[in-house]
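Me: I'd like to go through the charged pairs in this model with you, and then look at one of the helices. Can we begin with what counts as a pair?

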Amino acid sequence: MRRRLGDTLLDQGLLTEEELATALEEQLRTGERLGRTLVRLALLSESEVADALSKHLGIKRVDFSELYLSAEVVDLVPATFIMTRHVLPLEVQNGSLLVAMVDPLDITVIDDLQRLTGKMVQPVVATEEEIIDAFQRTRNISQSARELISRYKEEEAVAQEMDRLEYLGDAPGVKLANLILEQAIKQKASDVHFEPHERGMRVRYRIDGLLRSITEIPRHLRNDVNSRVKIMAGMDITERRKPQDGRIQMTADRVEVDMRVSSLPTVHGEKIVARILQKSSSLVKLEDFGFSPLDQRRIRRMLQLNQGLLLVTGPTGSGKSTTLFSFLNSLNSPEKNIVTVEDPVEYRLDGVNHVQVNPKVGLTFATGLRTVLRQDPDVIMVGEIRDEETGEIAVRSALTGHLVLSTLHTNSAVATISRLLNMNMESYILSSTIIGIVAQRLVRTICPDCKEPVELTDPVMLRYIESLGIEVPKTVYRGAGCPICKNTGYRGRTAVAEVLVFNKEMRDAVERSASEAELWDIALRAGMKTLQRAAIDKLIEGVTTPEEIIRTVYSVDMEEDE
């Protein structure tokens, strides 16, 4: 026999006997659910009731902060039913419909849902406020798009009128463009893609490194949406034949962001991409970033040095900037003068002086860095070493008593040395200034809510692990897919990295321009763990999957083998 909810609340220490008795007496008088009574009497919050109910019934609790909702699934249930019965469709799995419910035992509501959708309903627990908020976030884009399509479908006169500049202020696509950008911020997307095609325009978000389709915009609204984004970004809306760049600053859910906007002419119209950069963020701490304990200690020792050059390398989207700012966050103190030179300024830290590069007024990386050196800095962060001049100034800054942090686009830590030498930097200067190089990639992590063990059978992965001299694990993990991760099996990302610390042997080898093969031997003898080995460790620990390693790290290994 199932225990009563009240007993569970007592066991968890959320209520006293007297408070429970009061709530039960009030429930008897009103006939409402005990949970609602407890919230109304201010004895518990909605979230506390939902957490307790989930534990009491053994039914999953929904975390909407990590959830991506599909408008197509939400539309399976009428909006009035969602708002009045406080339910929300989340995902269709194997013919069943997962539904967030305040009361997962309400058989009447479940029967009505099954009759409406023609699917078996599997309830999960959520609060009323969470359901309404999530529904409104999802409904904004899909409903606005449907209203616009319904109102203006196949009306050529309206379509022609909407192309005119003077009509733009009242265009129905203006609101839709705003909502798409606001939703992207709420969904923690890193990029928004507006992609024209013959019948209209597709909107996609990049979340956790992968693109997801969000909605379709009809052809006659395409120019209006694009024009709105371009106006917000300070771009010329009358110019559609050549690429443009712009910037948008906006706030959603109390989160300030800076968007870098780029337009590209295509055969069907302008393709626009907005890169979302948070101006202020609760930065990931170094210990939470994914580095192994040994690599953490190595990085912290390097950050304690008063001078030298520390580089973070990897391709675009590998988390280099986030890593750099986690370093700055750990260095930030009233005793240090920290200055950054960036384009754009991605994060803003209190106590750090951020300099935004502006080539139009002659403020380039090189000129900005020269001026910074006259500002008595202790720590300098250069957003990226893009050319020989910037690299030379960064290296000489480290040589003259400053700790310099920067990024570079290379495949591995050792390859970074060759890249700097190819930029005509003197080997003896590099050997004297570089203190370490961190090469990294980001891999998606398995969703903890649907994580399950599986046997490793992929022949490519098996050969790959054996080639690294590692014992093949019998069991690995994967995400089966659930509403929390939108049936992807993944939630969030973590870093895999190789940390190269410059010791005397490495400095001597760099000074005499040793071959890359010799540098690899020295690094491995000194205990550096390669990207490939770090990735396999994440696999064995159950953090990520074979598919993620093949997608992000395996290709790098193959390139080096070639």
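Reply: A salt bridge here is a side-chain nitrogen of Lys or Arg within 4 Å of a carboxyl oxygen of Asp or Glu. Please keep in mind that this is a predicted model.

Me: How many salt bridges does that rule give?

Reply: Counted by this rule, there are 28 salt bridges. In general terms, side chains of opposite charge can pair when their charged atoms come close.

Me: OK, which residue does Glu 195 meet at 3.0 Å?

Reply: That is Arg 202, whose side chain forms a salt bridge with the side chain of Glu 195, with 3.0 Å from N to O.

Me: And is Glu 195 buried or exposed?

Reply: Glu 195 counts as buried, because its relative accessibility is 9% and the cut-off for buried is under 20%. Its partner Arg 202, on the other hand, is partly exposed, with a relative accessible area of 29%.

Me: What about Glu 195 and Lys 271, how far apart are their closest N and O atoms?

Reply: The closest N and O atoms of Glu 195 and Lys 271 are 3.9 Å apart, and the two residues form a salt bridge. Glu 195 belongs to strand S4 (residues 191–197) and Lys 271 to strand S9 (residues 269–278), so this pair ties together parts that are 76 residues apart in sequence.

Me: Where do Asp 295 and Arg 298 lie?

Reply: Both are in helix H12 (residues 293–303), three residues apart, which is about one turn of the helix. They form a salt bridge, with their closest N and O atoms 3.6 Å apart, and both Asp 295 and Arg 298 are buried. Elsewhere, Arg 247, Asp 258, Asp 343, Glu 384 and Arg 386 are joined into one network by salt bridges that share partners.

Me: Switching topic: which residues of helix H18 are buried?

Reply: In H18 (residues 459–467), the buried residues are Met 461, Tyr 464 and Ile 465. They are on the same side of H18, because the arc they cover around the axis is only 95°. Arg 463, Glu 466 and Ser 467 are exposed on the other side of H18.

Me: And what caps the N-terminal end of H18?

Reply: Asp 458 does, with a side-chain oxygen 3.0 Å from the backbone nitrogen of Val 460. Just after H18, Gly 469 adopts a positive phi of about 75°.

Note on methods. Residues are numbered from 1 along each chain as its sequence is written. This is a predicted model: local features need pLDDT of at least 70, side-chain atom pairs count only at pLDDT 80 or more; totals for chains, interfaces and linings use all residues. Side-chain values use heavy atoms; hydrogens and water are left out. Buried means under 20% relative accessible area, exposed over 50%, partly exposed in between (1.4 Å probe, protein chains only). Helices (H or I, at least four residues) and strands (E, at least two) are DSSP runs, numbered from the N terminus. The arc is that of the directions from the helix axis to the C-beta atoms. A polar contact is a pair of N or O atoms within 3.5 Å; within protein, one must be able to donate a hydrogen and the other to accept it, and residues adjacent in sequence count only if both atoms are side-chain atoms.
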